[in-house]
Amino acid sequence: MKIIRKDFVGNGPGSVTMEAEDSDDLWYAYNLIAPADTVMALTFRKVQRELRGVGRDAERVRLKLEVQVEEVDYDKDGSVLRIRGKNILENEHVKIGAFHTLELDLKRPFVLRKENWDSLALDTLKQASNPAASADLAVLLMDEGQANIFLVGRSVKRSRGPIKTSISRKHGPGIAGYESTLKKFFENVLHAFVKHVDFSVVRCAVIASPGEQDRACYGPKHVEFAHERMAIQTLLITDELFRNSDVKVRKKYVNLVESVKDFGGEVFIFSSRHVSGIQLAQHTGIAAILRFPLPDLENLEM
């Protein structure tokens with residue numbers, strides 16, 4: 001992302017003028033722009049004009065508009081970001097308050113204004129302006145006898161797997177072969193992980209599988225309960241929660257992320273457009289891996 005001008009205060013209002021240089025930059029912009037922000041850019045709009053003795057005709061006019069954001073859509077295939085909202089910049093062709101959809105494509109400068117450049121927005125802006133600060137991610141999800149590897153870039157996601165191994169029964173006559181088949185499974189997973197993960201590019205790996213009882217939780221109430229007891233080692237959260245139309249809700253999750261980091265925990269934000277984010281969203285969009293068991297969670301309503 002090419003940053004042309006910055007004029008803001010951390011945890012305060014201000015604006016950034018920027019220009020997307022590739023499709024990954026549009027993905028960063030998608031994650032930066034939230035409801036109630038404003039975006040200003042050159043755009044085109046079809047307007048009606050009177051033709052003497054003929055009637056009306058329509059033409060496309062190039063103009064500058066600033067809209068207060070209501071919806072944002074990212075078209076990866078078309079490399080375009082569509083921002084729908086009400087115009088707040090007076091213009092002879094578009095009334096103030098009229099709806100318009102800005103289309104931001106590559107090499108088109110735009111100005112993003114926020115009332116609050118919080119820590120999440122600042123981190124995203126930093127990653128967008130410095131690609132080296134954005135470490136690619138490898139995710140290994142394991143269950144008994146099956147594993148999947150996901151390679152997650154800034155906007156590219158690839159699946160490698162599944163890796164499957166038949167595991168002998170843990171009980172009964174097959175118990176003798178259980179340890180050997182389980183060992184073979186882990187060897188296959190390790191081989192696939194080393195084969196598909198380029199560690200000169202991937203700087204972060206997440207390995208997850210069913211673990212000890214009471215060491216994981218999901219849902220806002222359970223996660224908040226765990227956080228109050230400083231039990232969160234790793235917070236998993238979807239980016240969709242930061243796009244909530246309620247500013248108080250967005251601020252609550254931003255504060256949670258900051259607080260978990262302050263207490264030494266890790267935070268992973270999952271894209272709502274990636275399979276991992278979709279699956280997490282099916283389980284409320286927020287989960288946590290705990291430092292220590294919390295048996296009392298079972299008695300807490302979701």
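Buried means under 20% relative accessible area, exposed means over 50%, and partly exposed is what lies in between (1.4 Å probe, protein chains only). Keep that handy for the tour.

This is a predicted model, where local features need pLDDT of at least 70, side-chain atom pairs count only at pLDDT 80 or more, and totals for chains, interfaces and linings use all residues. Residues are numbered from 1 along each chain as its sequence is written, and side-chain values use heavy atoms, with hydrogens and water left out.

**Stop 1: the aromatic rings**

Select Trp-27 and Tyr-74: both are buried. Rings of Phe, Tyr and Trp (its six-membered ring) pair if their centres lie within 6.5 Å; planes under 30 degrees apart are stacked, over 60 edge-to-face, and the rest tilted. That rule gives five aromatic pairs. In one of them, the ring centres of Trp-27 and Tyr-74 are 5.4 Å apart and the planes are at 55°, so this pair counts as tilted. Trp-27 belongs to helix α1 (residues 23-32) and Tyr-74 to strand β4 (residues 55-75), so the pair ties together parts that are 47 residues apart in sequence. Helices (H or I, at least four residues) and strands (E, at least two) are DSSP runs, numbered from the N terminus. Now add Tyr-30, which forms one aromatic cluster with Trp-27 and Tyr-74.

While you have β4 on screen, click on Val-72, which is found in that strand. Is Val-72 buried or partly exposed? With a relative accessible area of 21%, Val-72 is partly exposed. Show Pro-35 too: its C-alpha is 8.2 Å from that of Val-72, with their positions 37 residues apart in sequence.

**Stop 2: the hairpin at the start**

Go to strands β1 (residues 2-8) and β2 (residues 14-19), which run antiparallel and are joined by six bridges. Two strands pair if DSSP finds at least two bridges between them. Pick Asp-7, and you'll find Ser-15 of β2 opposite. The two strands, β1 and β2, form a hairpin with five residues between them, and Asn-11 in the turn has a positive phi of about 60°.

Why look at phi at all? Most residues other than glycine have a negative phi.

**Stop 3: two more positive phi values**

Jump to Lys-107, in the loop between β6 (99-105) and β7 (110-114). Lys-107 isn't a glycine, yet its phi is positive, at about 70°. Next, try Thr-284, in the loop between α6 (275-281) and β15 (286-290). Its phi is positive as well, near 80°, and at 35% relative accessibility Thr-284 counts as partly exposed.

**Stop 4: the two faces of β6**

In a regular strand the side chains alternate between the two faces of the sheet. Show the side chains of β6: which of them are buried? His-100, Leu-102 and Leu-104 point to one face and are buried, while Phe-99, Thr-101, Glu-103 and Asp-105 point to the other and are not. Alongside, strand β5 (residues 80-87) pairs with β6 in the antiparallel sense over seven bridges. Try Arg-82, whose bridge partner in β6 is Glu-103.

**Stop 5: charges over rings**

A charge sits over a ring if NZ of Lys or CZ of Arg is within 6 Å of the ring centre and within 35 degrees of the ring normal. Select Lys-114 and Trp-117: Lys-114 lies over the face of Trp-117, 5.8 Å from the ring centre. Then select Arg-229, which lies over the face of Phe-225 at 3.5 Å from the ring centre.

Stay around here for Val-223, in helix α4 (residues 220-228). Its relative accessible area is 0%, so Val-223 is buried. The C-alpha atoms of Val-223 and Ala-288 are separated by 6.4 Å, though these residues are 65 apart along the chain.

**Stop 6: a cavity**

On a 1 Å grid over the protein atoms alone, a cavity is a set of points where a 1.4 Å probe fits but cannot get out, and lining residues have an atom within 4 Å of a point. Select His-227, Met-230, Ala-231, Ile-232, Val-260, Phe-263 and Arg-291, which line the largest cavity. By class, that lining has five nonpolar, one polar and one charged residue. Ala, Val, Leu, Ile, Met, Phe, Trp, Tyr, Cys and Pro count as nonpolar, Asp, Glu, Lys and Arg as charged, and the others, Gly among them, as polar.

Terms used:
1 Å grid on protein atoms, 1.4 Å probe; cavity = no way out; pocket = protein on both sides within 12 Å on 5 of 7 lines; lining within 4 Å.
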